[in-house]
Amino acid sequence: MTNILSGRDTAQHVIKTNLAPRVAALKAKGVTPKLVVVLIGDHAASASYVRQKEKYAVKCAMESEVRRFDESVTEAEVLGELEAINADDTIHGVIVQLPVPKHISVPKVLSTIAPHKDVDGFHAENIGKLVQGEPCLQCCTPKGIMTMLRESGTELSGANAVVVGRSNIVGKPIAALLLNANATVTTCHSRTRNLVMHTKMADVLVIAVGRPQMINADHVKEGAVVIDVGIHRMEDGKLCGDVDFESVKDIVKLITPVPGGVGPMTVVSLIENTIEAAEKSVT
Ligand code: NDP
């Protein structure tokens, strides 16, 4: 029996059983969910992420459009474009691919996107609702992790969940979602004393640190479920995560690979959010 928790396979399953039928139902009502990605500048990694998003939109028979801007675009022009997108009823979701050039304020960009079209789930209104356990457009990586845990049948109620990392886009929201699912949650960060003591307690361990292979066999409990959010390109060109996969894989119950783990689920969650936003627009 494999103990690999494949995001790629889970993504295919979710598309087939959940997302594609929802898109078909919307189309039957005359609505095609549409995502717009605003891409600024010439960032190779961003361009690759955007291609992934377009690929998944096509798989779900949705519409997607990339609006490209030169690095020199002004903040006012970007905000003006977002206002226009907010007012366009044919567009259900919009994201601004990060990072953006330094002269553009990320908080201003995020707060200009209408909360009901904020399919990245970064607007303060959506984050507030996520923490309160209210329906909202949830940040994509945490939402994708929760979908994977649910699809794998991982019991969260009463489980010890340990999150390493406290970023606004991964660590904090996944900790809130795990808490809302009745896990007992510990969040660790760079000032945590004795990290191993905490990670060893975890039934569910989520690592979002941004340090290649920092978590190894010494950090994990036998039978744990390990979710590796990190993604890094090594010198030999291969990708790896924040977890030393080879050292951990034979100890744990389930582990997400890199690549093919959290990454595809993040993109699927973006697509799901766009469908959710389109569904809201017709009710
Ligand atoms: P950030 O850099 O924003 O946050 C990293 C967190 O790790 C911080 O909270 C930091 O603590 C903590 N940290 C750093 N060093 C240590 C340490 N030695 N021990 C314990 N905690 C530590 O990263 P992100 O959350 O944005 O991303 C994390 C990783 O996930 C990156 O590799 C990123 O590329 C990847 N990622 C992947 C996604 C996907 O879809 N697959 C999506 C988003 C991110 P402190 O707050 O104290 O500084």
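The legends below describe close-up views of a predicted model, taking the ligand site and then the two sheets in turn.

**View 1. The shell of residues around the ligand in the predicted model.**
The ligand is surrounded by 21 residues, of which R166, S167, S190, R211 and T266 come nearest. Sorted by residue class, this shell divides into 9 nonpolar, 10 polar and 2 charged residues. Helix 10, which spans residues 262-282, supplies the largest share of the shell, with 3 residues.

**View 2. Polar contacts between the protein and the ligand, with S167, H189 and R211 in view.**
On the side-chain side, a polar atom of S167 is placed 2.6 Å from an oxygen atom of the ligand, while a polar side-chain atom of R211 lies 3.0 Å from a ligand nitrogen atom. H189 takes part through its backbone, where a polar atom is 3.4 Å from a nitrogen atom of the ligand. Of the 930 Å² of accessible area that the ligand has on its own, the protein covers 69%.

**View 3. The open sheet of 5 strands and the helix that packs on it.**
The strands follow one another in the order 5-4-6-7-10, and their pairing is parallel. Strand 5 (184-188) and strand 10 (254-255) form the edges, each pairing on one side only. Helix 7, made up of residues 171-180, packs on this sheet and touches strand 4 (160-164), strand 5 and strand 6 (204-207), with a direction that makes about 170° with that of strand 4.

**View 4. The pairing of strand 7 with strand 10.**
Strand 7 (residues 225-228) runs parallel to strand 10, and 2 bridges join these strands. V226 has I255 of strand 10 as its bridge partner.

**View 5. The open sheet of 3 strands, in the order 2-1-3.**
The pairing in this sheet is parallel. Strand 2 (63-69) and strand 3 (93-96) each have a single partner strand and stand at the edges, so one side of each is left without a neighbour in the sheet. From one strand to the next, the twist averages 15°.

**View 6. Strand 1, its pairing with strand 2, and the helix lying across the sheet.**
Strand 1, formed by residues 34-40, pairs with strand 2 in the parallel sense over 7 bridges, and V38 stands opposite R67 of strand 2. Helix 3 (residues 75-87) lies across strand 1, strand 2 and strand 3, and runs at about 175° to strand 1.

Definitions and conventions
Residues numbered from 1 in each chain as written. Predicted model: local features only at pLDDT ≥ 70, side-chain atom pairs only at ≥ 80, totals over all residues. Heavy atoms only, no water. Near = heavy atom within 4 Å. Polar contact = N/O pair within 3.5 Å; in protein donor to acceptor, adjacent residues only side chain to side chain. Areas by Shrake-Rupley, 256 points an atom, 1.4 Å probe, with all protein chains shown as cover. Helix = DSSP H or I, 4+ residues; strand = E, 2+ residues; numbered from the N terminus. Nonpolar A, V, L, I, M, F, W, Y, C, P; charged D, E, K, R; others polar. Pairing = 2+ DSSP bridges. Contact = heavy atoms within 4.5 Å. Axes fitted to C-alpha atoms, helices over the stretch in contact; angles between N-to-C directions.
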